[in-house]
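Here is a quick walk through one protein chain, from the overall fold down to a single residue. Keep the viewer open while you read.

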Amino acid sequence: MDVEQVGAGTAAGPPESTESQEGPEGREAPEGTAPLASDLRVAVARITRRLRQAHAVGDVSLSGMSVLARLAADGPDSPGSLAELERVRPQAMAATLAALEQRGLVLRSPHAVDRRRSVVAVTAAGRDMLAARRTESVRRLADAIAEFTPREQRTLAAALPLLDRLAERL
C-alpha cells in the first residue's frame, strides 16, 4: 500500500458501507475494516521482522528486549508480574529472565518483605544493550524514511497518533 493511501482503504478499496459484521468476541465491527486490519497487520509484521533480522544470531530475543524495556521504564518487578504484563506464561518468563540474568542484563534479588519471592531489575549492561538496540533500530528506520518524499514523511507522521491509539486499544 502506498504511504499516500493511509486511511484511504486497502487494495480491496475503501469501505463502502457502515453496516456491521461480526467481529472477535461476538462484537460487531464496521464492515470494511477487516481488509484494512489485515493489511496493517502484514505491514507491521514485515517492519518488525526486518528490524529483528538486523540483529546478530544469539542476540537478546525480542521478548528479552521487551522485558528489559519494561524494567528500564517501570523499575524492578517480580517475575510473576512481568509474565502477566508481557502476557506470557510464568514458565516462559522464567526462561527469558534466566537468559537475561546469565548475560548480566538483569539482576535478581530477594523481595524486601517476602524472601520467598524475588524482584528483577535491569543492570547497567542491560540499559546499555537496550540503548544500543534502540539506536540501531532507529537508525535503520530513519535511513528508510529518508528515502520517502517530504509529503510521504508528513503522511507517515500524521498516522502516528492513530497508530498509538490503535496500540492502546488492542
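## The chain as a whole

Take the contacts in the chain between residues at least 6 apart in sequence: 49% of them join residues at least 24 apart. Bear in mind that this is a predicted model.

As for the building blocks, there are six helices and four strands. Going along the sequence, they come in the pattern β-β-α-α-α-α-β-β-α-α. The chain has 170 residues, and 22% of these count as buried.

## The nonpolar core

As a bit of background, nonpolar side chains in soluble globular proteins tend to be buried together. In this chain, the largest nonpolar core holds 17 residues. Which of them touch the most other members? Those are V67, L68, L71, L82, L97 and L100.

Several parts of the chain chip in here. Helix 2 (62-74), helix 3, helix 4, strand 4 (118-122) and helix 5 (124-146) are the elements that give two or more residues to this core. Helix 2 is the top contributor, with five residues.

L68 is a good one to click on. Leaving out residues up to four places away in sequence, L68 touches L100, L105, V106, V122, G126, M129 and L130.

## Where helix 3 meets helix 4

Now zoom in on one helix pair. Helix 3 covers residues 79-86 and helix 4 covers residues 90-102. The two pack at an angle of about 110°, and their axes are 9 Å apart. That angle falls in the range of 65 to 115 degrees, so helix 3 is roughly perpendicular to helix 4. The crossing of helix 3 past helix 4 is right-handed.

Who makes the contact? From helix 3 come P79, L82, A83 and E86, while helix 4 supplies P90, M93 and L97. Sorted by type, the residues of this contact are six nonpolar, no polar and one charged. Two of these contact residues, L82 and L97, turned up earlier among the core members that touch the most others.

## A closer look at E86

E86 sits in helix 3 and takes part in the contact with helix 4. Is E86 buried or exposed? E86 has a relative accessible area of 18%, and the cut-off for buried is under 20%, so E86 counts as buried.

What does E86 touch, not counting residues up to four places away in sequence? The list is S66, V67, R70 and M93. Of these, M93 belongs to the helix 4 side of the contact, and V67 is one of the well-connected core residues named above.

Terms used
Residues numbered from 1 in each chain as written. Predicted model: local features only at pLDDT ≥ 70, side-chain atom pairs only at ≥ 80, totals over all residues. Heavy atoms only, no water. Axes fitted to C-alpha atoms, helices over the stretch in contact; angles between N-to-C directions. Parallel < 35°, antiparallel > 145°, perpendicular 65-115°, else oblique. Left-handed = near helix turned anticlockwise from the far one by under 90°. Contact = heavy atoms within 4.5 Å. Nonpolar A, V, L, I, M, F, W, Y, C, P; charged D, E, K, R; others polar. Core = buried A, V, L, I, M, F, W, Y, C linked by side-chain atoms within 4.5 Å. Buried < 20%, exposed > 50% of the residue type's maximum accessible area, 1.4 Å probe, protein only.
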